[in-house]
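Reader: Hello! Could you take me on a close look at one helix and the residue that follows it, and then at the unusual backbone spots elsewhere?

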Amino acid sequence: MDRRPIGFFDSGVGGITCIPHIIRSMPEESVIFFGDTARTPYGSKSPHTIQQFTLQIGDFLVNQGVKMIVIACNTVSSIGLEVLRNKYPDIPVVGCIAPTAREVIKDAKSGDRVGIMATRATVLSGVYVNKLEKFSSEAGKDIKVSQVPCPALVPLIEEGLQSTDIMDLTLQHYLDEYIEREEIDTLVLGCTHYPLVAENIKRLYPGIKLYSSSKEVATAVEMELNKADLRSDVHQHSNTFYASDLSDSFKNMIERVLGKDEMDLDIRFKNLDI
């Protein structure tokens with residue numbers, strides 16, 4: 001048994017959407033979360049820059065004594081996962097993309113048309129397409145995979161504009177023609193920010209099945225902890241949230257995602273000299 005915390009990080013606040021799944025399924029575990037709110041969004045940055053940021057944050061979490069690192073960000077998972085694993089071979093590192101792709105293929109039927117909405121960096125990496133095609137081939141399922149970049153969504157979500165006409169219009173701008181053209185029946189929310197607009201998407205496109213990377217990464221974390229015998233044996237009630245820019249949007253996001261009852265959580269500022 002291991003009572004050290006699990007380290008989570010994201011390019012901003014979206015990765016917080018993973019935490020409720022962890023709290024519900026593994027209440028005995030504690031979490032340290034780092035949101036790089038001062039440098040978000042990552043989706044438009046170069047792979048080299050994203051990798052450098054990833055290593056900085058990885059160093060910070062390791063110095064906090066975490067037993068596992070969870071990349072609660074699809075963009076970083078697509079570009080920085082192996083870099084982090086190479087630097088810390090003795091610490092399990094879990095990303096978003098493979099767990100989500102496995103779940104999609106487990107439920108898929110041959111002939112399904114799977115869409116991936118994601119940041120530009122995630123789309124350009126091609127990792128989601130590669131994983132889905134690999135897993136579908138292994139499962140003997142013939143599916144069609146396509147993807148669409150949605151670069152404006154993260155900034156809008158970070159500003160708390162989910163329940164606005166602006167958000168609906170932005171989603172329609174990216175998805176209307178794409179969904180019709182590609183005949184999408186399954187849509188992967190390929191960014192941990194996107195569960196925060198899942199209700200918008202369900203309302204606008206009611207016939208489409210959605211998959212959330214936030215939910216699937218929590219399942220992968222539990223499996224990895226069990227596999228490595230790293231589960232805690234005591235309910236610790238200790239969760240700490242760091243941000244490189246302790247803005248109102250960061251605090252508001254915690255409240256929206258975790259609820260007001262959780263606002264006694266330890267919320268701290270950590271500058272970029274991490």
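Author: Happy to; here is a walk along the helix α11, then the backbone and the cavity.

A word on the basis comes before the tour. This is a predicted model, where local features need pLDDT of at least 70 and side-chain atom pairs count only at pLDDT 80 or more, while totals for chains, interfaces and linings use all residues. Residues are numbered from 1 along each chain as its sequence is written, and side-chain values use heavy atoms, with hydrogens and water left out.

Helices are DSSP runs of H or I with at least four residues, strands are runs of E with at least two, and both are numbered from the N terminus. The 15 residues of α11 should span 21 Å at 1.5 Å a residue, and its end C-alpha atoms are 21 Å apart, which agrees; the expected span is 1.5 Å times one less than the number of residues. At the N-terminal end, S212 caps α11, with a side-chain oxygen 3.2 Å from the backbone nitrogen of S214. Within α11, the buried residues (under 20% relative accessible area, with exposed over 50% and partly exposed in between, using a 1.4 Å probe and protein chains only) include S213, S214, V217, A218, V221 and L225. An α-helix has 3.6 residues a turn, so residues three or four places apart point the same way.

After α11 comes D229, whose phi is positive, near 55°. D229 sits in the loop between α11 (213–227) and β9 (239–243) and, at 51% relative accessibility, counts as exposed. Most residues other than glycine have a negative phi, and most peptide bonds are trans. E183 also departs from that pattern, with a phi near 55°. E183 belongs to the loop between α9 (165–182) and β7 (186–190), and its 53% relative accessibility makes it exposed.

The other backbone spot is a cis peptide bond from T40 to P41, with omega near 0°. P41 lies in the loop between β2 (31–35) and α2 (47–63). Both T40 and P41 help line the largest cavity, and among the other lining residues are D10, Y42, C73 and H193. A cavity here is a set of points on a 1 Å grid over the protein atoms alone where a 1.4 Å probe fits but cannot get out, and lining residues have an atom within 4 Å of a point. The largest cavity holds about 50 Å³ of space, the volume being the space filled by probe spheres set on the points.

Terms used. A polar contact is a pair of N or O atoms within 3.5 Å; within protein, one must be able to donate a hydrogen and the other to accept it, and residues adjacent in sequence count only if both atoms are side-chain atoms. On a 1 Å grid over the protein atoms alone, a cavity is a set of points where a 1.4 Å probe fits but cannot get out, and a pocket is an open set with protein on both sides within 12 Å along at least five of seven lines; lining residues have an atom within 4 Å of a point.
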